[in-house]
Amino acid sequence: MEEVHRNVPFECRHCWHVWHEDYVVRHFEDDHGNAGEIWLRAGLPAAPPSAGVSCPSCGCQDATMFPDGYLSRHPELIPPAEPAAPDPTPMLTPVRKPLY
Ligand SMILES: [Zn+2]
């Protein structure tokens, strides 16, 4: 039995939210030589990923899948886990102070 880790990217066609889900695919062969596979998500059997999964942002079921590895080539699509830290540099006005 062989296990393959898959990171499947999705995009919601309703709110354009992009996310990805981790799957483990177990490939096996039965006693008759028939190959099969089982998809696991978070260690539990799950349906293979397909378009139509629920969007975690808006809940609609109009999501589309990206090809494998798409997000690693487009990291800008992954929303940051935390908002960017504010820039501590104080803003300086370009206007000079009056001389008197
Ligand atoms: Zn959505």
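**Exercise 1. Is Arg6 buried, partly exposed or exposed, and how many other C-beta atoms lie within 10 Å of its own?**

Solution. The model is predicted, and the work begins by placing the residue: Arg6 belongs to strand E1. Next comes the count, which for Arg6 is 17 other C-beta atoms within 10 Å. The cut-offs are 20 or more for a buried residue and 12 or fewer for an exposed one, with partly exposed in between. Arg6 is therefore partly exposed, since its count is 17.

**Exercise 2. Find which residues Arg6 is in contact with, leaving aside its neighbours within four places in sequence, and state the separation of the C-alpha atoms of Arg6 and Ser54.**

Solution. Once the neighbours within four places in sequence are set aside, Arg6 is in contact with Tyr23, Val25 and Asp68. For the second part, Arg6 and Ser54 are 48 residues apart along the chain, and their C-alpha atoms are separated by 19 Å.

**Exercise 3. Work out the order of the strands in the open sheet and name its edge strands.**

Solution. The sheet is open and has 5 strands, which follow the order E4-E3-E2-E1-E5 with antiparallel pairing. Strand E4 (44–45) and strand E5 (63–65) are the edge strands, as each of them pairs on one side only. Looking at the E4 side in detail, strand E3, covering residues 35–41, runs antiparallel to E4 and is joined to it by 2 bridges. One residue pair can be named here, for Leu40 has Pro45 in E4 as its bridge partner. As background, strands of a sheet pair through backbone hydrogen bonds, either parallel or antiparallel.

**Exercise 4. For Trp16 and Ala42, determine the phi value, the loop and whether the residue is buried or exposed.**

Solution. Most residues other than glycine have a negative phi. Trp16, however, has a positive phi near 65 degrees, and it sits in the loop between strand E1 (2–12) and strand E2 (18–29). With 11 other C-beta atoms within 10 Å, Trp16 is exposed. Ala42 also has a positive phi, near 55 degrees, and its place is the loop between E3 and E4. Ala42 is exposed because its count is 9 other C-beta atoms within 10 Å.

**Exercise 5. Which element has the lowest mean pLDDT, and which has the highest?**

Solution. The protein as a whole averages a pLDDT of 85, and 97% of the residues score at least 70. Among its elements, helix H1 (residues 70–73) has the lowest mean, 77, while E4 has the highest, 92. Where pLDDT is low, the predicted coordinates should not be read in detail.

Conventions: Residues numbered from 1 in each chain as written. Predicted model: local features only at pLDDT ≥ 70, side-chain atom pairs only at ≥ 80, totals over all residues. Pairing = 2+ DSSP bridges. Helix = DSSP H or I, 4+ residues; strand = E, 2+ residues; numbered from the N terminus. Contact = placed C-beta atoms within 7 Å. pLDDT = per-residue confidence, 0-100.
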